[in-house]
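Colleague: Could you walk me through this fold? I would like to ask a few questions as we look.

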Amino acid sequence: MRTWCVLSVLLLASPALAAKPPKVMVMDFPATNAFPADVVAVLNQFLAGAVRDQGFAVMTPADIGAVIGVERQRQLLGCAEDSCLADLAGAMGTEYIVYGRMAALEKDTALTISLVTSRTALSTQVREVVPSHSSSDLLHAIEKLVPKLMAPARPVDLAAASPKPAPESAGGLQPSSAVGANASEGSGSPVLGWGLVGGGAVALAVGGIFGVMAHNNQNTANEAVAAGNLVPTATSSAIRTDAWVSTGAMTAGIVAAGVGAGVLLWSSR
């Protein structure tokens with residue numbers, strides 16, 4: 001009976017805890033004479049890694065040919081329109097597609113990163129004027145922009161914890177300082193927070209079940225004693241075990257839920 005109750009709780013909770021992360025196709029930055037090929041390759045790796053760090057399952061152009069064929073890959077990659085990118089995301093079975101563009105200006109670098117949905121072909125974009133042509137500055141800009149870009153793609157319960165958009169400058173491009181301040185907000189981990197809250201809820205449910213069983217068995221034992229009968233050793237042992245498991249699970253659940261709530265509050269700052 002105890003095993004069945006525990007399994008029932010875990011099975012009910014498993015869909016939320018084992019939900020698969022959304023799939024995102026992260027495209028490479030287009031090759032440009034303004035930056036060496038090895039630098040662009042590193043920027044591509046950082047872009048994919050930054051998206052993955054936000055809790056998404058990432059696919060890259062290296063995965064495309066094996067799935068949809070080289071010719072179809074060439075056709076879709078040759079189209080820069082959002083509708084083509086949405087087709088590509090659909091062909092790869094991904095929910096979203098991320099792509100970036102870099103333009104070397106006189107002293108600065110204009111960096112834009114866009115997010116396209118495979119269902120509606122609607123896109124959102126973040127952008128920054130990096131005050132140099134330095135690859136390290138570009139890497140830092142990518143790390144700052146991606147959390148803001150991926151906020152609309154997060155589940156509804158996590159979107160509230162994402163940073164608010166920073167106001168744009170008069171020229172339409174965001175200054176680096178504004179994006180940096182935005183990215184620093186909510187720097188906690190909402191995914192970790194919700195995971196702890198969910199785990200705490202499961203532990204509390206398990207503790208409650210074992211507590212009810214311990215209470216019922218204790219009542220049965222009390223009735224047996226009142227009737228002048230001896231309480232079996234197995235029953236006494238079961239009461240102690242159920243009470244110990246209930247106390248431990250309830251304590252762990254309260255601690256996990258409390259820590260998770262703290263993480264969520266911190267990430268929303």
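Modeller: Happy to; we can start with the whole chain and then move to the sheet, the core and single residues.

Colleague: How many helices and strands does the protein chain have?

Modeller: Please keep in mind that this is a predicted model. Of the 269 residues in the protein chain, buried ones make up 38%. Its accessible surface comes to about 14,500 Å², with 62% belonging to carbon and sulfur atoms. As for the elements, the protein chain has 10 helices and 5 strands.

Colleague: Which strands stand at the edges of the sheet?

Modeller: The 5 strands form an open sheet with mixed pairing, in the order 2-1-3-4-5. A strand at an edge has a single partner strand, so one side of it is left without a neighbour in the sheet. From one strand to the next, the twist averages 20 degrees. The edges are held by strand 2 (57–59) and strand 5 (123–130).

Colleague: Do strand 3 and strand 4 run parallel or antiparallel, and what is the direction for strand 1 and strand 3?

Modeller: Strand 1 (residues 23–26) is joined to strand 3 (residues 96–104) by 3 bridges, and these two run parallel. Within that pair, Val24 stands opposite Tyr96, and Val26 has Val98 as its bridge partner. Strand 3 and strand 4 form a hairpin with 4 residues between them, and Ala103 stands opposite Ala110 there. This second pair is joined by 9 bridges and runs antiparallel.

Colleague: What angle does the direction of helix 2 make with that of strand 1?

Modeller: Helix 2 (residues 37–53) packs on the sheet. The strands it touches are strand 1, strand 2, strand 3 and strand 4. Its direction and that of strand 1 make an angle of about 165 degrees.

Colleague: Which element gives the most to the largest nonpolar core?

Modeller: That core has 30 residues, and Val98, Leu111, Ile113, Ile142 and Met150 have the most contacts inside it. Two or more residues each come from strand 1, helix 2, strand 3, strand 4, strand 5 and helix 6 (135–150). With 8 residues, the element that gives the most is helix 6.

Colleague: Ile142 caught my eye; which residues is Ile142 in contact with beyond its neighbours in sequence?

Modeller: Ile142 is among the residues with the most contacts inside the largest nonpolar core. Setting aside neighbours within four places in sequence, its contacts include Leu111 and Ile113. The others in contact with Ile142 are Phe29, Leu43, Phe46, Leu47 and Ala50.

Colleague: Is Ser114 buried or exposed, and what is its relative accessibility?

Modeller: Ser114 has its place in strand 4 (residues 109–117). Not counting residues up to four places away in sequence, Ser114 touches Ile97, Val98, Tyr99, Thr124, Gln125 and Leu149. Its side chain is also joined to that of Gln125 by a polar contact of 3.2 Å. Residues under 20% relative accessible area count as buried, so Ser114 is buried, at 4%.

Colleague: And how far apart in space are Arg127 and Leu149?

Modeller: Arg127 lies in strand 5 and is buried, with a relative accessible area of 16%. Arg127 and Leu149 are 22 residues apart in sequence. From C-alpha to C-alpha, the spacing of Arg127 and Leu149 is 9.4 Å.

Key: Residues are numbered from 1 along each chain as its sequence is written. This is a predicted model: local features need pLDDT of at least 70, side-chain atom pairs count only at pLDDT 80 or more; totals for chains, interfaces and linings use all residues. Side-chain values use heavy atoms; hydrogens and water are left out. Buried means under 20% relative accessible area, exposed over 50%, partly exposed in between (1.4 Å probe, protein chains only). A polar contact is a pair of N or O atoms within 3.5 Å; within protein, one must be able to donate a hydrogen and the other to accept it, and residues adjacent in sequence count only if both atoms are side-chain atoms. Contact means heavy atoms within 4.5 Å. Two strands pair if DSSP finds at least two bridges between them. Axes are lines fitted to C-alpha atoms, for helices over the stretch in contact, and angles run from 0 to 180 degrees between N-to-C directions. Accessible areas come from the Shrake-Rupley method with a 1.4 Å probe; for residues, only the protein chains shown count as cover. A nonpolar core is a set of buried Ala, Val, Leu, Ile, Met, Phe, Trp, Tyr and Cys residues joined through side-chain atoms within 4.5 Å.
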